[in-house]
Amino acid sequence: MNNQNIKSLTRPEINKMKEYSPGKPIWEVQQELGIQEVVKLSSNENSLGVSPLAKKAIAKYTSELHRYPDANTTNLREAISSHYDIHNDQVVIGNGADELITLISETFLEAGDEIIVPSPSFSEYEFGANLMGANIVRVPLTNHFHYDLRLIINTITDKTKIIYLCSPNNPTGTYIKKDDLDTFFQKLPQNVLVVFDGAYSQYATSEDYSNGIEYVKSGKQLIIIQTFSKIYGLAGIRVGFGISSSEIINCIHKVREPFNVNTLAQVAAEAAINDIKHVDDSRRVNEEGRNYLYNAFREMGITYVKTMSNFILVDFKVDSLSIYEQLLKKGIIVRYGGVWGLPNYLRVTIGMEAENRALITALKEIIE
Ligand SMILES: Cc1ncc(COP(=O)(O)O)c(C=O)c1O
């Protein structure tokens with residue numbers, strides 16, 4: 001069958017879509033460059049590693065893998081609901097937050113609907129809309145990469161179904177202040193659903209930050225999405241969750257595959273959310289790394305965007321592709337900002353002390 005025939009069989013929405021391009025994995029760089037020491041600061045993973053309690057839980061359950069997982073993810077939903085002090089029927093678990101974005105899109109979007117997304121932000125929101133044939137309306141962040149919530153409200157039309165907010169925002173690390181969210185929810189029309197992506201919320205230390213849960217509790221029309229891939233250190237096992245009213249969660253359950261979250265992911269996530277020490281250590285390592293990198297960038301005269309997350313958007317004032325490529329040759333993987341229309345920027349994940357030092361040493365060699 002030739003390409004033209006395949007195209008005519010495929011849904012028009014799919015023909016317009018492009019495959020996701022992930023950051024380079026370590027093994028690929030090792031193979032390409034023939035080097036062993038590779039530092040990966042490109043996917044905002046937890047540099048401290050997997051939650052030790054999750055590791056133990058995984059080891060305990062490997063002998064149960066001939067059984068199907070719990071289709072209702074009962075224990076994990078219970079652990080999450082008690083962590084956030086909500087009811088367990090307000091929680092849905094997904095194969096990563098990515099799957100939740102797809103499930104939300106499949107549940108609520110039809111061809112011709114509109115979603116509003118901040119720009120630049122996480123690309124999967126657009127993936128979900130493209131999959132369903134919905135239109136994407138991008139609302140730019142301000143010059144300093146902050147949200148303009150008034151502009152978002154003014155952009156709503158009678159076709160708007162979903163507004164995505166990502167706070168702290170990927171790739172900028174900026175966040176929405178609680179007062180601004182209060183005003184936003186007061187002005188939000190009843191027939192628009194907000195999806196609040198708090199993938200990095202556990203890293204946010206500012207007092208005026210909100211992870212959005214309070215708005216679910218006060219009955220606002222929103223879904224929080226969260227992941228175990230970041231501070232909990234479980235990116236490789238794929239697990240995330242959504243929190244909303246039980247009515248909205250029930251609708252999403254109808255779209256979900258029965259066994260969408262494997263057994264090891266369920267038990268690992270349940271252990272990780274209760275691994276207080278690992279979360280505290282991760283936050284501390286992140287803050288130390290953030291301060292080290294801020295100082296190093298300042299000393300080098302490099303501008304950066306202040307972050308509430310585990311990555312920093314760094315401004316090189318000129319196209320940074322060559323810096324990205326030279327870093328790669330030295331075995332350091334970061335993310336080139338061109339993918340978000342920010343060619344002068346690199347996004348670097350905050351790593352362990354040695355990784356951060358390796359980044360700065362390499363940057364000094366390249367730039368100076
Ligand atoms: C803002 C944001 N939301 C969601 C995700 C997806 O998380 P998961 O690994 O759980 O699919 C990411 C991953 O990088 C992210 O940056």
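Colleague: Which residues are closest to the ligand, and how many surround it?

Modeller: Start with the neighbours. In this predicted model, 13 residues surround the ligand. The closest are A97, D197, T227, S229 and R238. A residue joins that group if one of its heavy atoms lies within 4 Å of the ligand.

Colleague: How many residues of the shell are nonpolar, polar or charged?

Modeller: Sort the neighbours by class. The shell around the ligand has five nonpolar residues, four polar ones and four charged ones.

Colleague: Which side chains have an N or O atom paired with an oxygen atom of the ligand?

Modeller: Look for pairs of N or O atoms within 3.5 Å. S229 gives one case: an N or O atom in its side chain is 2.6 Å from a ligand oxygen. R238 gives another, with a side-chain N or O atom at 2.7 Å from an oxygen atom of the ligand. Then there is N170, where a polar side-chain atom lies 2.8 Å from a ligand oxygen. Cover is the next thing to read. On its own, the ligand has 400 Å² of accessible area, and the protein covers 92% of that.

Colleague: In which pocket does the ligand sit?

Modeller: Compare the ligand's atoms with the pocket's grid points. Here the ligand sits in the largest pocket.

Colleague: N170 came up above. Which residue does a cis peptide bond join to N170?

Modeller: Read omega for this. A cis peptide bond joins N170 and P171, with omega about 20 degrees. Another cis bond joins S167 and P168, where omega is about -5 degrees. Now place the prolines. P168 is found in the loop between strand 5 (160–166) and helix 9 (178–187). P171 also lies in the loop between strand 5 and helix 9.

Colleague: What is the phi of D85, and where is D85?

Modeller: Check phi, then check the residue type. D85 has a positive phi of about 55 degrees, although it is not a glycine. D85 is in the loop between helix 5 (74–84) and strand 2 (91–94).

Colleague: Which residues does UniProt list for the domain?

Modeller: Go to the record, then to the model. An unreviewed UniProt entry lists residues 37–362 as "domain: Aminotransferase class I/classII large". In the model, that span is 39% helix and 17% strand. Its end C-alpha atoms lie 13 Å apart.

Notes. Residues numbered from 1 in each chain as written. Predicted model: local features only at pLDDT ≥ 70, side-chain atom pairs only at ≥ 80, totals over all residues. Heavy atoms only, no water. Polar contact = N/O pair within 3.5 Å; in protein donor to acceptor, adjacent residues only side chain to side chain. Areas by Shrake-Rupley, 256 points an atom, 1.4 Å probe, with all protein chains shown as cover. 1 Å grid on protein atoms, 1.4 Å probe; cavity = no way out; pocket = protein on both sides within 12 Å on 5 of 7 lines; lining within 4 Å. Sits in = over half its atoms within 2 Å of the grid points. Nonpolar A, V, L, I, M, F, W, Y, C, P; charged D, E, K, R; others polar. UniProt positions renumbered as here; feature names shortened; annotations may be inferred. Helix = DSSP H or I, 4+ residues; strand = E, 2+ residues; numbered from the N terminus.
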